[in-house]
Every structure is written in C-alpha cells, then in structure tokens.
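Work through the exercises below with the sequence and the model open. Try each task before reading its solution.

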Amino acid sequence: MQAPLRVFGWREGRVTLFLILLATSFFPMNSFAATVTQYAGAVPNATRWSNESNAVGAPNGDYASCSVAYRRLAGKTWNFLDLGIIQRVSIGINSWNETGSNVTMKLYHNLGTTLTTFSHDSFQWNDIEITSDQPSWTWALVNSLVLRYREFTNNYNRSDVRVQAFRVVCNHHRPRVSR
C-alpha cells in the first residue's frame, strides 16, 4: 500500500519549484525492519573436545578445542522472542584451525540442507544464510535450531581446531504499535 502523493509548491517570479514526495511501499509506514542476534546458550559435551562450555555465548577469547580427526560440536538453545515476521535467517560459527593442516570445516544445521565449508588459521566468523531451508520461519522453529560443526582432515591427519561461538541472526519486520 502506497502513502498518498503530496505536492508542495514554491513560487517566485516565473520559477516554480515542486518537490514531490512519494512514500513507497518498500516498508509500510506502520512497521519497521530490525536485526537480532543470539549466541548459543548451550554447547553439549562432545567426545574428545575440551572446554565445550567456552563456546557458549558471544566470543570472549575463550574457546572449545580438539585435536582429533573427524570431530563434531553443536551449538543450541536460543531464546528468541516473537518479534514479528521473520524475513531472513543466517547461522554462523567463530572458529580457527591449525595452519597447514589441510583441514576443511563444515557448518550445517538440523532443519535443512544448506551448509558451508571453510578453512582458516585465525578466529573468524563464517556465516551462511539458511532462509530457503524452510517455507516460512517461526520463532519457535528458529529456537529449535541446532548448529552442527564438523571437521574433516586428509588421511586422518591430526590438527588443532578451536571454536569460540555459534550464532543465529534473524532479520524481521515488526509491526509498529499504535498509540
């Protein structure tokens, strides 16, 4: 729905200046867009990992670590409130792997098939949009996400990997409350 067209005029001699303001329907006047980020509230104990609880919450310099091939770690327990209509969902992990270890890391989740693979030797965020994995997202569905991290090595090489945090980012459209 478009807002009404408003025309404002200014006349001086022969020059008439019209300023036309047209509010389009990209974002209706009765709503606004926002982004909300949450970090994993739980990282369950995982075989051969150390300090898994260090990957809970926002990155703070602490990390979970492991130095055994083909290990997995999960981040879960999100506490999103119902903030309106979800438009975009992305997931991310802040991690590091040993330089020259020929390690590929994979981030995926329990509610779809979208995944990303990456490898780097400094703590970085790797994010992937997963909006298309569900026909429509609800806040309950977002709260049920389990992010899964898995590491692959060539020929079972031993390498160190570290995880600081998991996150979910939601863009949403929220109706304005009338006063």
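Strands, labelled E, are DSSP runs of at least two residues, numbered from the N terminus. The model is a predicted one.

**Exercise 1. Where is Arg-48 found, and what is its phi?**

Step 1. Locate the residue. Arg-48 sits in the loop between strand E3 (31-39) and strand E4 (64-66).
Step 2. Read the backbone. Its phi is near 70°, a positive value in a residue other than glycine.
Step 3. Check the surface. Arg-48 has a relative accessible area of 59%. Exposed means over 50%, so Arg-48 is exposed.

**Exercise 2. Place Thr-77 and classify it: buried, partly exposed or exposed?**

Step 1. Thr-77 belongs to the loop between strand E5 (72-75) and E6.
Step 2. Thr-77 is not a glycine, yet its phi is positive, about 70°.
Step 3. Its relative accessible area is 36%. Partly exposed lies between 20% and 50%, so Thr-77 is partly exposed.

**Exercise 3. How many salt bridges does the structure hold? Find the partner of Glu-129.**

Step 1. The count is two salt bridges.
Step 2. Glu-129 pairs with Arg-88; the closest N and O atoms are 3.2 Å apart. The cut-off is 4 Å, so the pair qualifies.
Step 3. Glu-129 lies in strand E9 (residues 124-129) and Arg-88 in strand E6 (residues 85-97), so the bridge ties together parts that are 41 residues apart in sequence.
Step 4. Glu-129 is partly exposed at 40% relative accessibility. Arg-88 is partly exposed at 33%.

**Exercise 4. Which side chain meets Asp-127 in a salt bridge?**

Step 1. Arg-167 is the partner, at 2.7 Å from N to O.
Step 2. Asp-127 is in strand E9 and Arg-167 in strand E11 (residues 161-175), so this pair ties together parts that are 40 residues apart in sequence.
Step 3. Compare the surfaces. Asp-127 is partly exposed at 37% relative accessibility. Arg-167 has 16%. Buried means under 20%, so Arg-167 is buried.

**Exercise 5. How many disulfides does the structure hold? Then classify Cys-66 and Cys-170.**

Step 1. The structure has zero disulfides. A disulfide needs two cysteine sulfur atoms within 2.5 Å, so no cysteine pair meets that cut-off here.
Step 2. Cys-66 has 4% relative accessibility and counts as buried.
Step 3. Cys-170 has 0% relative accessibility and also counts as buried.

Note on methods. Residues are numbered from 1 along each chain as its sequence is written. This is a predicted model: local features need pLDDT of at least 70, side-chain atom pairs count only at pLDDT 80 or more; totals for chains, interfaces and linings use all residues. Side-chain values use heavy atoms; hydrogens and water are left out. Helices (H or I, at least four residues) and strands (E, at least two) are DSSP runs, numbered from the N terminus. Buried means under 20% relative accessible area, exposed over 50%, partly exposed in between (1.4 Å probe, protein chains only).
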